[in-house]
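Let's take a walk through this structure together, one stop at a time. Keep the 3D view open as you read, and turn to each place as we reach it.

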Protein chains: 2
Amino acid sequence: MADKYIDIDTLKYMLYDVHQLEELFKRERFVDHDKESIDLFLESNKDFADKELFPFVKEMDEQPAHYKDGKVYVHDQVKTMMHKGGELGVISASFDYDDGGMQIPLLAHTAAYFILDAANNHLPGYAGLTQGAAELIIHFANKALNEAYVPKMLSGQWGGTMCLTEPQAGSSLSDIVTKAKPTSDGYYNITGQKIFISGGDNQFAENIVHLVLARIEGAPKGTKGISLFVVPKNRPDASGVLTPNDVTTVADFQKLGQRGYCTTHLGFGDAEDCRGWLVGNENQGLNYMFLMMNAARIAVGRGASAIASAAYYASLQYANERPQGRKLSSDGKKNPDENQSLIIEHPDVRRMLLLQKAVVEGSMSLVLRAAKYYDLEVTATSPEEKNKYNTLLEMIIPVVKTYPSEAGSYAVNNGLQVLGGYGFCADFILQQYYRDIRISAIYEGTTGIQSQDLLGRKITMGQGSGLALLSAEILETIEASKKHEALQPYAAILSEKLALTQKILQQLMPHAVKGDFERYLADASIFMEFFSLIIIGWTWLEIATKAQESLKDPDASLSEEFYIGKIETMKYFFSYELPKTLGQAAILMDPTTVTIKKEKEEYIN
Amino acid sequence: MADKYIDIDTLKYMLYDVHQLEELFKRERFVDHDKESIDLFLESNKDFADKELFPFVKEMDEQPAHYKDGKVYVHDQVKTMMHKGGELGVISASFDYDDGGMQIPLLAHTAAYFILDAANNHLPGYAGLTQGAAELIIHFANKALNEAYVPKMLSGQWGGTMCLTEPQAGSSLSDIVTKAKPTSDGYYNITGQKIFISGGDNQFAENIVHLVLARIEGAPKGTKGISLFVVPKNRPDASGVLTPNDVTTVADFQKLGQRGYCTTHLGFGDAEDCRGWLVGNENQGLNYMFLMMNAARIAVGRGASAIASAAYYASLQYANERPQGRKLSSDGKKNPDENQSLIIEHPDVRRMLLLQKAVVEGSMSLVLRAAKYYDLEVTATSPEEKNKYNTLLEMIIPVVKTYPSEAGSYAVNNGLQVLGGYGFCADFILQQYYRDIRISAIYEGTTGIQSQDLLGRKITMGQGSGLALLSAEILETIEASKKHEALQPYAAILSEKLALTQKILQQLMPHAVKGDFERYLADASIFMEFFSLIIIGWTWLEIATKAQESLKDPDASLSEEFYIGKIETMKYFFSYELPKTLGQAAILMDPTTVTIKKEKEEYIN
């Protein structure tokens, strides 16, 4: 078993030095916090993760959640996660004081979650979904629902879920058919099936509060006719006594990874006695859900980065302990009389480690940036400021969800390879992380869907004003980095890549203008790959700039190797990852296309 | 469960049309064969695969090989694979008549194995390793060993293995320590531990014949002091009676994938009664083993392509059956009143399918090319001809092993993504193929080692004469393709890429000339990625040229869609995969390096 799953120095460096958490404490919402209180919060999370999460990560894979006699059984630590985690504020930390929260910045809360995810990615989702469900109730439901459900959710006594997907609809939410029939008693009768419901059932939860998308009878077709309901597994009466609410656990999906995090199939109203309470207004369900979606997508990116972090430290430990092979001498041969090298000495192994470090830390910083934009939006003091940070968040969110998921998977793949044959063996954790992380590119909108969102909605948003705003932020980093001579070549590269982005969009945009959206979006996934690299290039230039400053700062508290490591990893990213944009640009600017179906007969066969 | 795992029309097209199997029948060794006999052989393999392999592929994953009380227990179909497979000639088909074989071309035998691998990748290895072990005995051991072991191996009664890896040595064979102590009775006493032994034990095999690398007492250090031994699990006496030979099954590794194909840890001589018989001469063991290594590496590439084939057809079937989402209309919106599209209509899904098709069929053709070179070498009528095909085989073998493994894994990853959430679920086979194929980049020399072989040995071989010979073959394809106007742009692209290869090597070679092999080889894995794309680009240009000819041929027997599919897939490869060489070239020509350790203190942390 590996010893380390996250580097706390790096996390704090990103939090305090790169993303300047302390600046946020000046904002009224966060005035009660300071570095000491946040450090304490992070330490309590780390301690919790060390003792209650990390030791069980392998066991939770080997003893997966499973279905028996209408119930889902999960690992005992799910109970600990919810109850102890609830006490620690894992669920509620960033909520308002009035709603039972600690009003800490999402930036700090995200950092804490990062620790938990890295320690054991099978557990934090139970808390995270409960948080998301509670947030929906707090923001959009009436006071009665709020009082009936939220306190027990924040303490971790009750779980929460989001019920979107249905068997026939998949990612296409406009096709959901779960029905809500109004009654004269203020509630609706709910009937339907929902699949892929994370945390949908477990033997420990006294209750689970499902936030369910459904159609009220007679509602318009498509996404405009979807409403949101609170549908508890057990409905509380006025005095809090629980009655079963006709929510059936039909099955638990067995999966490639994250096997300790149950994924259920739920049936609502099989016995026609399932009651749901409308959240907010009719037909606004998808809007409400999507207001929470940015947070959910940050969480997926965070989880993926965190799994890649755990995989990186496991492979790094192996590379530092495993002797094998020898350095090549000047005749190109190896001398068997020499001692074996540690494999971390081999350039190809170093490449695989730097690759992981670049993905893990670049993703971590990106995820924290998104959380910071969220905090800046929430605490904005003018509509312009609010709009600015909302726009910036909207612009990067598809990348925040996708890059850590896709590149994280690629990073873990390289981590596994560092171990050679052992990487494939169940005794080592890499093979598990390889499986666990694979869901990230599917959760909360697949990579294909995120890519359509990026190119189809975000890039075109406000006729390109969102992209202009984001570019201004990137240019600011480029300018700051130019103060350090050592960084000037990288600043120049990133400037070129920004210009290349414009060139690509000039080539693509006429398709959209002509109304040929199929062609405009055909290579959206390639554009996502391209744009992600530029965003992470920006991220790394920012980290390296800070590291250069720290190197010159006599008060800097970390080792020289720490800062040099950041700068060398930036160089790795610029030398090995960013050049991939050349090929992606060639694809994006190719006027021909092979992926749009032309012939009547199908040639993909 | 998917219905199809391979397209037999495509396999035969590659075999007969692209690689011209019938040309080989003119060679003396193969004169007894014709298209009809080979078709029969392929059909019997397909029938065997349909009935005995494919139906059990999921079960073999779910009921993995396991260790109990000193023994390894495997699925019942292992017995069928060995016995029925033995009868069908799976093990011996390409062997000499004199050695009990059918003397069919390796090209045809490889095609047959491709079917078996695609049907159930957990089974053919048992036969393949037995074949490899028998081949070593036939080629290098004395008549007595040959007669004692080979017939029962070819019939599948006895299994065979290759025992190379030891716990402390891993890929570094110069560090193996298993001991062989000569006795006056003609055998050696063997003591040592071997790990990662595929097919190392099972409850059905009457005997397993291990081909073991060991050091004779007093042998030189390093790779020059390694000898090869036949070490049976049970030793037969003159009359064939078997006595246990002190080979202990210590454990069976539980793995990420290929869980039905056991991977054992074996102990030799724990009770000091393990006898081994020397194969050939002392200290030549590694040379013998490496003469078989090309075949083993073809087999790994073949297996990886075949898994990717099965994954492709599973995802294609899903894409053809699953309705979801709608086409975008000219206002960029979707109309919920319209019927849902099948997901194969979406360009992004088509991209993922074309990607798989390009990798699967390109790899298949490359693997068959390697087998054909092998046949041409074996049947060469002059030393020059023999040398030519040996050189061509040596040049491409690292790519034959690596491209299907790495790109195959990437293809299966995309196949899984086509299924969305279902791709992650155990009810669907994609998640299994995703796990199964992951070993390919590790087996028989990892990607890192293949890359060092490619750039360090093959490219420099005969001062570049190997590369010149290979380039001449590629140019021949380019010339042939130019006859078709539609292919001229692609011919031009491939010519450019060949020139780029030279440019890169001119940049790298001075490092080798200076004796700085660490620097020369630092980016060998990137060179492998680059060179593989050029080799597969060549492969696809050849396939497309043949398809263009077939389109014009009134006697062509397959549908127009079949040929158009080949040409469109070539276009996909040239448009989406080949541009990746731009970024790889930039990395390879970058004069700076970040992967070679410079500082004393470690910054990868």
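A good place to begin is helix α9 of chain A, which covers residues 285–321. With 37 residues at 1.5 Å a residue, this helix should span 54 Å, and its end C-alpha atoms are 53 Å apart, so the expected and modelled spans agree. Follow α9(A) along its length and you will come to a kink of about 35°, centred on A:M293. Most of α9(A) is covered, with 28 of its 37 residues buried.

Before going further, please keep in mind that this is a predicted model. How confident is the predictor in chain A? The mean pLDDT of chain A is 96, and 100% of its residues reach 70 or more. For the complex, the predictor gives an ipTM of 0.97 and a pTM of 0.97.

Now move to chain B and find helix α11, residues 383–418. Here the same kind of check can be made: 36 residues at 1.5 Å a residue should span 52 Å, and the end C-alpha atoms of α11(B) are 50 Å apart, which agrees. This helix has a kink too, of about 40° at B:I396, and the proline B:P398 comes shortly after it. As for its surroundings, α11(B) is mostly covered, since 26 of its 36 residues count as buried. Beyond the helix you will meet B:G420, a residue with a positive phi near 55°.

Glycine is not the end of the story for positive phi values. In chain A, A:E444 is not a glycine, yet it has a positive phi of about 55°. You will find A:E444 in the loop between α12 (430–436) and α13 (447–458) of chain A. Is A:E444 buried or partly exposed? It is partly exposed, because 18 other C-beta atoms lie within 10 Å, while a buried residue would need 20 or more. In chain B, B:N283 is likewise not a glycine and has a positive phi of about 65°. B:N283 sits in the loop between β12 (275–278) and α9 (285–321) of chain B. With 17 C-beta neighbours inside 10 Å, B:N283 also counts as partly exposed.

Two further loop residues in chain A are worth a visit. A:D32 is in the loop between α2 (21–24) and α3 (35–53), and it is exposed, with 12 other C-beta atoms within 10 Å. Although A:D32 and A:Q103 are 71 residues apart in sequence, their C-alpha atoms are 8.8 Å apart in space. A:G100 belongs to the loop between α5 (77–88) and α6 (106–119) of chain A, and its 17 C-beta neighbours inside 10 Å make it partly exposed. Leaving aside residues up to four places away in sequence, A:G100 touches A:S92, A:F95, A:V150, A:P151 and A:L154.

For a buried site, go to B:M60 in helix α4 (residues 57–62) of chain B. B:M60 has 25 other C-beta atoms within 10 Å, which is why it counts as buried. Not counting residues up to four places away in sequence, its contacts are B:H75, B:Q77, B:N120, B:H122, B:R259 and B:G260.

Finally, let's look at how the two chains come together. Chain B can be laid on chain A with an RMSD of 0.0 Å by a turn of 180° and a shift of 0.0 Å along the axis. That is the relation of a two-fold axis. The same surface serves both copies, as 99% of the contact residues of chain B recur in chain A.

How many residues does each chain bring to the contact? Chain B gives 80 residues and chain A gives 79. On the side of chain B that touches chain A, the elements giving two or more residues include α10 (347–378), α17 (524–552) and α18. Of these elements, α18(B) gives the most, with 9 residues. By type, this side of chain B divides into 32 nonpolar, 26 polar and 22 charged residues.

Helix α18 of chain B, residues 560–577, makes a fitting last stop. Its 18 residues at 1.5 Å a residue should span 26 Å, and the end C-alpha atoms are 25 Å apart, which agrees. α18(B) is also mostly covered, with 14 of its 18 residues buried.

Methods: Residues are numbered from 1 along each chain as its sequence is written. Chains are lettered from A and ligands numbered from 1 in the order in which they are written. This is a predicted model: local features need pLDDT of at least 70, side-chain atom pairs count only at pLDDT 80 or more; totals for chains, interfaces and linings use all residues. Helices (H or I, at least four residues) and strands (E, at least two) are DSSP runs, numbered from the N terminus. The expected span of a helix is 1.5 Å times one less than its number of residues. The bend at a residue is the angle between axes fitted to the seven residues ending there and the seven starting there. Copies are superposed by least squares on the C-alpha atoms of residues with pLDDT of at least 70 in both. Two residues are in contact if their C-beta atoms, placed from the backbone, lie within 7 Å. pLDDT is the predictor's confidence in each residue, from 0 to 100. Ala, Val, Leu, Ile, Met, Phe, Trp, Tyr, Cys and Pro count as nonpolar, Asp, Glu, Lys and Arg as charged, and the others, Gly among them, as polar.
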